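Here is a quick tour of charges, strands and contacts for anyone who wants to poke at the coordinates. Have the viewer open while you read.

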Amino acid sequence: MPKALVVSDEVDERLWTDAVRAVAVDLVIGAGDLPYDYLAFLAGALDVPCVFVPGNHDPDLSGYTRYGGLSMKDGFPAAWPGPAGGINADGRVVDVAGLRFAGLGGSVRYNDGPNQWTQRQQARRARGLVRRARLRRWRDGRDVDVLLTHSPPLNLGDRDDPPHRGFACLHRTIEVLRPKWLLHGHIHPHGEPVPDRVVGETRIRNVVGHRIMEFS
């Protein structure tokens with residue numbers, strides 16, 4: 001059963017020290033809006049892989065590729081702004097530490113910042129993600145364990161203000177992929193208890209801050 005340090009949106013300064021080495025986990029999971037140096041430190045200090053999706057306050061990571069060990073953009077070498085060694089799951093299906101992740105980063109578009117999508121744009125991205133997950137399942141018979149997003153589904157833990165509305169397309173994505181978990185950030189609880197929500201076979205959890213999770 002993999003165990004993960006799951007982080008999102010709020011830096012815990014207690015973790016950004018050597019004291020974090022006492023945490024015994026198999027991977028770090030990031031749900032967005034955290035300094036990439038923070039994610040890189042956690043993964044390096046714990047000597048475990050890090051899988052993440054970008055949030056609406058994170059730098060744009062689109063267009064970067066790796067070739068021969070080099071990071072490239074538009075055909076030229078370019079420093080990748082993401083966390084060193086991190087695995088960007090945005091729009092992808094990736095296997096990390098025994099878990100299969102499908103990722104959709106970003107928030108609803110509310111200004112001209114990066115990693116923001118209209119409902120229609122995110123729905124198109126979600127359909128592409130579903131196709132990739134189905135292809136992987138056809139090849140090896142494995143389902144998605146974790147749908148990793150920055151924003152929650154519409155009306156399931158989101159807010160009424162425009163920047164914090166959830167994505168309607170995630171309902172269909174959950175229905176088709178049937179992941180055990182949907183982990184999201186973006187919605188700061190500000191000390192209020194945030195119960196998990198259950199949709200079919202999927203448990204939806206707000207992971208703002210940090211928590212240790214064990215996946216069966």
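On the surface, five arginines gather in a patch of positive charge: Arg120, Arg124, Arg127, Arg131 and Arg132. Keep in mind that this is a predicted model. Pick Arg131 from that patch and you land in helix α2, which covers residues 119-140. Is Arg131 buried or exposed? Its relative accessible area is 57%, and exposed means over 50%, so Arg131 counts as exposed.

**Salt bridges**

Now for the charges that do find a partner. In general, side chains of opposite charge can pair when their charged atoms come close. Searching the whole structure turns up 15 salt bridges. Three of them are laid out below, with the closest N to O distance for each pair.

| Acidic residue | Basic residue | N to O distance |
|---|---|---|
| Asp140 | Arg100 | 2.5 Å |
| Asp160 | Arg165 | 3.5 Å |
| Asp196 | Arg203 | 3.6 Å |

Take the pair of Asp140 and Arg100, whose closest N and O atoms sit 2.5 Å apart. This pair ties together distant parts of the chain, since Asp140 belongs to helix α2 and Arg100 to strand β9, 40 residues apart. The two ends also differ in exposure: Asp140 is partly exposed at 40% relative accessibility, whereas Arg100 is buried at 1%. Why does Arg100 get the label buried? Buried means under 20% relative accessible area, and Arg100 has 1%, so the label follows. There is a wider context too: Asp95, Arg100, Arg136 and Asp140 are linked in a network of salt bridges.

Next comes Asp160 with Arg165. Here Asp160 is exposed, with a relative accessibility of 71%, while Arg165 comes out partly exposed at 24%. In the pair of Arg203 and Asp196, Arg203 is partly exposed at 35%, and Asp196 is partly exposed at 25%.

**Strands and hairpins**

Over to the backbone. Strands of a sheet pair through backbone hydrogen bonds, either parallel or antiparallel. In what order do the three strands of the open sheet run? The order is β4-β5-β6, with antiparallel pairing. At the edges are β4 (64-67) and β6 (76-77), each pairing on one side only. Between β4 and β5 (residues 70-73) there are four bridges, again in the antiparallel sense. If you want a register check, Thr65 has Met72 in β5 as its bridge partner.

A second antiparallel pairing joins β8 (residues 93-96) to β9 (residues 99-104), also over four bridges. Here Val93 is matched with Ala102 in β9. The hairpin of β8 and β9 has two residues between the strands, and Ala97 there takes a positive phi near 55°. Remember that β9 is also where Arg100 sits, the residue that reaches Asp140 in helix α2.

**A buried loop residue**

One last stop is Val20, placed in the loop between β1 (3-8) and β2 (27-30). Is Val20 buried or exposed? At 1% relative accessibility, Val20 counts as buried, because the limit for that label is under 20%. For a sense of scale, the C-alpha atoms of Val20 and Arg178 are separated by 33 Å, and the two residues are 158 apart along the chain.

Notes. Residues are numbered from 1 along each chain as its sequence is written. This is a predicted model: local features need pLDDT of at least 70, side-chain atom pairs count only at pLDDT 80 or more; totals for chains, interfaces and linings use all residues. Side-chain values use heavy atoms; hydrogens and water are left out. Patches are made of residues with over 30% relative accessible area and no salt bridge: like charges are joined within 9 Å, nonpolar side chains (Val, Leu, Ile, Met, Phe, Trp, Tyr) within 5 Å. Accessible areas come from the Shrake-Rupley method with a 1.4 Å probe; for residues, only the protein chains shown count as cover. A salt bridge is a side-chain nitrogen of Lys or Arg within 4 Å of a carboxyl oxygen of Asp or Glu. Lys and Arg count as positive and Asp and Glu as negative; His and the chain ends are not counted. The place of a charge is taken as NZ of Lys, CZ of Arg, CG of Asp or CD of Glu. Buried means under 20% relative accessible area, exposed over 50%, partly exposed in between (1.4 Å probe, protein chains only). Two strands pair if DSSP finds at least two bridges between them.
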